[in-house]
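Please take a moment with the sequence and the structure before reading on. The paragraphs below follow a few strands and helices, step by step.

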Amino acid sequence: MFANYINGEWVDSPSTFENRNPANTSEVVGLFAKGSAADIDAAAAAAAAAFPAWSAMPGPARGAILYKAADILDKTFDSVAAEMTREEGKTLPEAKGEVRRAINILRYFAGEGSRLPGMLVPSERDRVHMFALRKPIGVVGLITPWNFPSAIPAWKLAPALVCGNTVVLKPASAAPLSAWRIVEALHQAGIPKGVVNFVAGSGSELGAALVNAAPLKAISFTGSCEIGAWLHAHASRRHLRIQLEMGGKNPTIVLADAEFNSAVENVVNAAFFSTGQKCTATSRAIVEDAIFDRFVEAVVARTRKLKVGDGMTPGIEIGPCVDQAQMETVLRYIEIGRQECGEPLCGGHRLTEGALANGYFVEPTVFAPVTSEQTIAREEIFGPVLAIMRARDFEDAMSIANAIPFGLSSSIQTTNLSRAFEYIYRAEAGLLTVNLPSAGVEYQLPFGGSKDSSFGPKEQGPAAMEFYSDYKTVYLKY
Ligand code: NAP
């Protein structure tokens with residue numbers, strides 16, 4: 001059994017839950033201790049007790065523990081990646097890419113321990129030395145989703161810890177093992193007891209306990225808009241600092257002057273890789289009229305060639321949906337698409353033939369033409385479903401792209417530099433790509449959306465330090 005980690009101890013629980021392989025549901029990947037509200041309270045109390053010593057430790061010493069944890073994960077890289085494929089369903093190359101990224105994130109923020117930049121400015125007054133020190137906030141709650149089960153816990157844990165905070169991590173129930181491995185690595189790296197705590201179990205029960213835990217000072221959440229809104233309402237009553245990264249309905253604009261083949265490849269990659277379960281996935285391709293028919297035909301032809309199956313099998317490009325509920329959501333939206341836009345041009349069904357019989361596989365599905373008021377152009381599906389929309393010209397494409405409440409990522413495919421810059425200044429999203437897929441970000445720059453997709457300071461890069469620390473401003477007369 002994979003136990004919870006509270007106050008430096010592995011803690012079992014009388015009840016458990018299973019983590020099953022979505023590519024083959026007869027395989028149990030892990031049996032997890034099902035944490036309770038009492039476990040969250042114990043974890044928050046342990047984090048509060050550990051805070052004074054951890055926050056007083058020099059930043060480079062905290063960073064050294066993160067470096068060591070990264071080295072431990074590096075040694076177990078292959079098995080940790082294979083576990084991720086088995087618990088989440090993404091292909092093994094994708095899982096390896098994500099574990100590599102989690103290791104890089106740990107190392108990047110480990111280095112921040114030696115910087116933790118404050119401010120030093122000249123005073124207007126004679127013989128006054130004035131500066132601002134960076135200080136941690138206290139006990140931070142981290143709630144993470146299943147779609148990047150290693151990278152997202154890493155990009156919350158690492159800056160939180162290096163800034164001197166102590167944490168309680170609640171991973172997604174569909175894929176807790178990848179996060180558990182990071183906590184295991186931190187434990188083996190010698191992190192002092194109580195600094196990191198891990199409690200898996202029901203989101204609604206543990207989420208309510210976490211947001212109400214007396215020692216908590218801040219919450220960082222990644223997941224759906226619905227849960228984000230609920231957390232925000234409860235956290236703001238207590239004046240908790242909060243950071244929310246939520247859903248998207250990301251557009252890729254394809255202009256007639258785009259490099260055609262790479263635009264097709266970028267849209268197919270962003271729409272279907274990781275089974276469309278990336279928050280930055282493209283779910284709306286907005287294509288200029290002049291190339292619309294040719295583009296749709298090329299995307300459909302490329303989509304039909306995608307190989308769907310168990311992500312552990314070499315050559316497979318698209319794995320299963322993460323669980324039955326997610327697969328049913330996808331199939332429900334495909335039915336809505338059928339009713340509103342007609343039969344999809346490819347895909348549209350669950351796959352159950354042969355080796356796929358025990359998994360949650362859905363064919364990559366393309367609908368076209370889709371219009372702005374249709375449901376599959378407005379609501380997040382979070383699966384392998386692409387809506388292709390027709391735009392008269394660049395202006396029309398911009399207004400279609402911006403006309404929804406979400407604003408996570410957005411992309412344009414064009415060879416016209418002026419159009420690219422116009423797009424960069426006018427696109428309503430937090431993450432933009434030009435001539436690349438809308439998904440596939442690195443950790444060295446701020447990450448996060450705008451509009452209803454996000455709330456609070458950005459994650460990753462130097463910006464992450466803003467959420468996990470505060471300033472103490474000092475005026476000193478000498
Ligand atoms: P979710 O259902 O909102 O769950 C996210 C996390 O919240 C899980 O750990 C879940 O626990 C927990 N949770 C559930 N109910 C809760 C409650 N009442 N209080 C507190 N926590 C609660 O989202 P998901 O299905 O895991 O992830 C998919 C969503 O995440 C999509 O909307 C996607 O766009 C979004 N996402 C956004 C980003 C971004 O950076 N913007 C990145 C990745 C994913 P359980 O698993 O136990 O239910």
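Along strand 6, which side chains point to one face and are buried, and which point to the other and are not? In this predicted model, the side chains of strand 6 (residues 128–136) alternate along its length. V128, M130, A132, R134 and P136 point to one face and are buried, where buried means under 20% relative accessible area. H129, F131, L133 and K135, by contrast, point to the other face and are not buried.

The partners of this strand can be found next. Strand 5 (residues 119–122) pairs with strand 6 in the antiparallel sense over four bridges, and within that pairing V121 has M130 as its bridge partner, a residue whose side chain is among the buried ones of strand 6. The two strands form a hairpin with five residues between them, and in the turn R127 has a positive phi of about 55°. Strand 6 also pairs with strand 23 (residues 469–477), again in the antiparallel sense, over nine bridges, and here H129 stands opposite L476.

A further part of the model to look at is an open sheet of six strands, which has the order 16-17-13-12-19-20 and parallel pairing. Strand 16 (365–367) and strand 20 (431–434) stand at its edges, and because each has a single partner strand, one side of each is left without a neighbour in the sheet. Neighbouring strands of this sheet are turned by 20° against each other on average, if direction is ignored. At one of these edges, strand 20 is joined by four bridges to strand 19 (residues 409–413), the two running parallel, and S411 stands opposite T433 of strand 20.

Helices pack on this sheet as well. Helix 11 (residues 324–341) touches strand 16 and strand 17 (385–391), and its direction makes about 25° with that of strand 16. Helix 13 touches strand 12 (250–254), strand 19 and strand 20, and the direction of this helix makes about 175° with that of strand 20.

Helix 13 (residues 417–426) is also the place of F421. Is F421 buried, partly exposed or exposed? F421 counts as partly exposed, because its relative accessibility is 43%, a value to be set against the limits of under 20% for buried and over 50% for exposed. Together with L417, I424 and Y425, F421 forms a nonpolar patch on the surface, and the four residues have about 470 Å² of accessible area together.

Terms used: Residues numbered from 1 in each chain as written. Predicted model: local features only at pLDDT ≥ 70, side-chain atom pairs only at ≥ 80, totals over all residues. Heavy atoms only, no water. Patch = residues over 30% accessible without salt bridge, like charges linked within 9 Å, V, L, I, M, F, W, Y side chains within 5 Å. Areas by Shrake-Rupley, 256 points an atom, 1.4 Å probe, with all protein chains shown as cover. Salt bridge = Lys/Arg side-chain N within 4 Å of Asp/Glu carboxyl O. Buried < 20%, exposed > 50% of the residue type's maximum accessible area, 1.4 Å probe, protein only. Pairing = 2+ DSSP bridges. Axes fitted to C-alpha atoms, helices over the stretch in contact; angles between N-to-C directions. Contact = heavy atoms within 4.5 Å.
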